[in-house]
Amino acid sequence: MSAETAAASAPYEAPPGLAGVSVARTKVSDVLGRQGFYHYRGYNAVDIARRGRVEDAWHLMLHGELPTPEQRDQFAAQTAAWRELPDGVAGLLPAIARLSPPGSLASLRTALSLAAQALGCRPWGDQTREETVEQAARLSAIMPVLAAALFRLASGLEPVQPRPDLGYAANYLYMITGEEPDERSRYAIERYLMLTIDHGFNNSTFTARVIASSGTDLGGVATGALAALSGPLHGGAPARVFDMLDAIGTPENAEPWLRHQIESGHVLMGFGHRIYKTIDPRSQLLHEVARELHSDRVALSEVVEKTAVELLAELKPGRDLYANVEFYAGVVLEAAGLPREMFTPSFACSRIIGWMANVLEQIADNRIFRPLAHYDGPAAPRELPGYWQPGQP
Ligand SMILES: CC(C)(COP(=O)(O)OP(=O)(O)OC[C@H]1O[C@@H](n2cnc3c(N)ncnc32)[C@H](O)[C@@H]1OP(=O)(O)O)[C@@H](O)C(=O)NCCC(=O)NCCS
């Protein structure tokens, strides 16, 4: 084979992390990183988050359009009814909760897998589209119930049963704290949940689509996506942002502390993004909400944000690093009454809505994801080592 033919047949080698590579077509959402803009099915996601309820965005994601007022009422009633756990699940939650501390993502993914099994999720090709759509909605409705129940059980408290008369956001807080939330807290958590429903081909959404492409059931999809979300480079950052704020302690300490971190080669939690090369619009709205809540942490957070952005521009020039969604998320969630351990589980509750919309799109026109990898290990075939004595085949 000539060198030219070999080069023509060599597979395209994608950059590490698939940065800048488009791997599918989608109508669900998109992120325009340079413009600091993202949308849900064409609608400005920040506008929707500012003005709507979780059920509006959920309907848009699941059914493709924003609901009319009647559709919203119906959808809210239907999804509230689906908060009920399938038979046999509630009794097993105490055992799962005992295995890890409150807010554990490992416990949540175990419980989610169990609930999906109890719901009867099967490989999507073995059931009707209607069954799959219903399971997608039910898994999304169940996730907050599992997250809240596991948190309470691991904290030595009895789970609080969901209230169908409360909207998604109010019910979520109610199941965690055991008290009906005030309007301020409900408003804050609703903004957070709506802002984080979907965000292009982020790591967990891509994971969900890859898993679904093999034809597996939605429980396997959701469990795998949840595992991806739990990593500190993805959804696991907001609690670590708080750890950072605690370590900094005072505004005067921000500059030396942050400088030392960057100079020692550490990443600053809550900063940087693969796609946004300007301010993250989610962070902007959450900053606004945090200010409205008059949280004690806002003043320190603002100093840390400003100092970090200046230092990152000085020490990492040309990388365009700004605060991402996680930076103010914790401030908002804490002010709304959520403990630190529940930050990432809360993200999982909203993001499963996006995973499911993506998966329904994937399976409507599926081709299994099966890329190549460039092997660069020892030249093959290698000689077997002399010490290796194979047994009988
Ligand atoms: C989000 C994130 C994983 C994106 O990663 P990525 O697109 O692969 O970006 P890279 O890791 O290639 O970063 C590019 C450069 O910016 C630097 N950088 C990126 N984020 C940084 C941060 N938060 N603090 C300090 N430096 C950072 C990297 O060190 C790298 O520098 P180099 O060119 O000297 O090697 C990354 O910015 C990060 O780890 N952020 C902190 C965790 C976080 O907040 N996650 C939540 C995301 S919503």
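**Group meeting: a ligand and its protein chain**

Hi everyone, let me start right at the ligand: one of its nitrogen atoms has a backbone N or O atom of Phe271 at 2.8 Å. Before I go on, please keep in mind that this is a predicted model.

Leu268 also takes part through its backbone, with a polar atom there 2.8 Å from a nitrogen atom of the ligand. Arg274 uses its side chain instead: a polar atom of that side chain sits 2.7 Å from an oxygen atom of the ligand. As for how covered the ligand is, on its own it exposes 860 Å², and the protein buries 70% of that area.

Now, who else is around? The ligand is surrounded by 19 residues, and the closest are Leu268, Gly270, Phe271, Arg274 and Arg319. If you sort that shell by class, you get 9 nonpolar, 6 polar and 4 charged residues. And which pocket does the ligand take up? Its space is the largest pocket.

Let's zoom out to the whole chain. Its secondary structure comes to 17 helices and 3 strands. The radius of gyration is 23 Å, close to the 21 Å that the globule rule gives for 393 residues, so the chain is as compact as a globular protein of that length. If you are thinking about a box, the C-alpha atoms fill one of roughly 70 × 55 × 45 Å along the principal axes.

Two backbone details before I stop, for anyone who likes checking torsions. Where is the cis peptide bond that involves Pro381? It runs from Ala380 to Pro381, with omega near -5 degrees. Pro381 belongs to the segment that follows helix 17, which spans 343-364.

The other detail is Leu18, which is not a glycine yet has a positive phi, near 55 degrees. You will find Leu18 in the loop between helix 1 (3-9) and strand 1 (29-32).

That's my tour, thanks for listening!

Definitions and conventions
Residues numbered from 1 in each chain as written. Predicted model: local features only at pLDDT ≥ 70, side-chain atom pairs only at ≥ 80, totals over all residues. Heavy atoms only, no water. Near = heavy atom within 4 Å. Polar contact = N/O pair within 3.5 Å; in protein donor to acceptor, adjacent residues only side chain to side chain. Areas by Shrake-Rupley, 256 points an atom, 1.4 Å probe, with all protein chains shown as cover. 1 Å grid on protein atoms, 1.4 Å probe; cavity = no way out; pocket = protein on both sides within 12 Å on 5 of 7 lines; lining within 4 Å. Sits in = over half its atoms within 2 Å of the grid points. Nonpolar A, V, L, I, M, F, W, Y, C, P; charged D, E, K, R; others polar. Helix = DSSP H or I, 4+ residues; strand = E, 2+ residues; numbered from the N terminus. Rg over C-alpha atoms; globule rule 2.2 N^0.38 Å.
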